[in-house]
Amino acid sequence: MIDMPILYSFRRCPYAMRARMALMASMTPVRLREVVLRDKPDEMIAASPKATVPVLVQDDGTIIDESLAIMHWALDRSDPAGWLEDADAGADLIAEADSDFKDNLDRYKYPTRYDDVDPIAHRSAGLAFLEKLEKPLAAEGQLLGNQPRLADFAIFPFIRQFANNDRNWFDAQSLPGLQTWLAAHLGSDLFANVMKKYPQWKTGDIEPVFAG
């Protein structure tokens, strides 16, 4: 097998999506191991005991098991589209998406996993974040100007998940800038390429090369 990093991924996980987008954009090839979450491979759990995707195992055995760290690792190697430009300006927005917005998203999408949760209240709280994003998107088209940066790609998979939970409701909101931005990212060649389906990897299987 060609000597290159291993990526444990799950196609529909938004964290794994953004890691794969950065790997693809940076043209950093990895050996892809597609995971089924109810049947996680022992090798992934041994590499990262928290057992969540994505997990990147580098050639020297170094483990990166945070999606944003994988994005930075890939883009620090190669960033032809300039995703890391304005990275500091987008850091707070990504942090808010990964904390408060993600908490509201989970309680809106999976209310039965939590005690005493009102999903509509969490939908409203999530909407407040979307309205915050609407202002720069309506003005410039992307979160930090007229070109997509790290913040756009780091946040968009979670907006996709929020929108898809009740698409009729989402489409009825007055968020034209955000809705146009989301549709453009969903329709991009990059997203189509990172969302290709791969079979579940099992020990001994040949790994497809991703982003090679």
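Met-27, in the loop between α1 and β2, is where I would like to begin, since in this predicted model its phi is near 55°, a positive value in a residue that is not glycine. Met-27 is also exposed, with a relative accessible area of 57%. A second residue of this kind is Asp-86, which sits in the loop between α3 and α4 (87-109) and has a positive phi of about 65° although it, too, is not a glycine. Asp-86 counts as partly exposed, because its relative accessibility is 41%, and partly exposed covers what lies between the 20% and 50% limits. As a reminder of why one would look at such places, most residues other than glycine have a negative phi, and most peptide bonds are trans. On the second of those points, the peptide bond from Val-53 to Pro-54 is cis, with omega near 0°, and Pro-54 belongs to the loop between α2 (42-47) and β3 (55-57).

Let me turn now to the sheet. Five strands make up an open sheet with mixed pairing, and their order is β4-β3-β1-β2-β5. The edges are taken by β4 (63-64) and β5 (209-210), each of which has a single partner strand, so one side of each is left without a neighbour in the sheet. Further in, β1 (residues 6-9) pairs with β2 (residues 30-34) in the parallel sense, over four bridges, and within this pairing Leu-7 has Leu-32 of β2 as its bridge partner. Lying across β1, β2 and β5 is helix α1 (residues 14-25), which runs at about 145° to β1.

Next, the helices. How do α3 and α6 pack? Helix α3 (residues 67-77) meets helix α6 (residues 150-165) at an angle of about 145°, with the two axes 12 Å apart, and the crossing is right-handed. From α3 the contact involves Leu-68, Met-71, His-72 and Leu-75, while α6 brings Leu-150, Phe-153 and Ala-154. Of the residues in this contact, six are nonpolar, one is polar and none is charged.

That leaves the nonpolar interior. The largest nonpolar core has 51 residues, and those with the most contacts inside it are Trp-83, Leu-130, Leu-133, Ile-155, Ile-159 and Leu-178; α6 gives the most to this core, with 10 residues. If we leave aside residues up to four places away in sequence, Leu-133 touches Leu-93, Leu-143, Ile-155, Ile-159 and Leu-178. Apart from this core lies another, of 12 residues, including Ile-6, Cys-13, Met-44 and Val-55.

Definitions and conventions: Residues numbered from 1 in each chain as written. Predicted model: local features only at pLDDT ≥ 70, side-chain atom pairs only at ≥ 80, totals over all residues. Heavy atoms only, no water. Pairing = 2+ DSSP bridges. Helix = DSSP H or I, 4+ residues; strand = E, 2+ residues; numbered from the N terminus. Contact = heavy atoms within 4.5 Å. Axes fitted to C-alpha atoms, helices over the stretch in contact; angles between N-to-C directions. Left-handed = near helix turned anticlockwise from the far one by under 90°. Nonpolar A, V, L, I, M, F, W, Y, C, P; charged D, E, K, R; others polar. Core = buried A, V, L, I, M, F, W, Y, C linked by side-chain atoms within 4.5 Å. Buried < 20%, exposed > 50% of the residue type's maximum accessible area, 1.4 Å probe, protein only.
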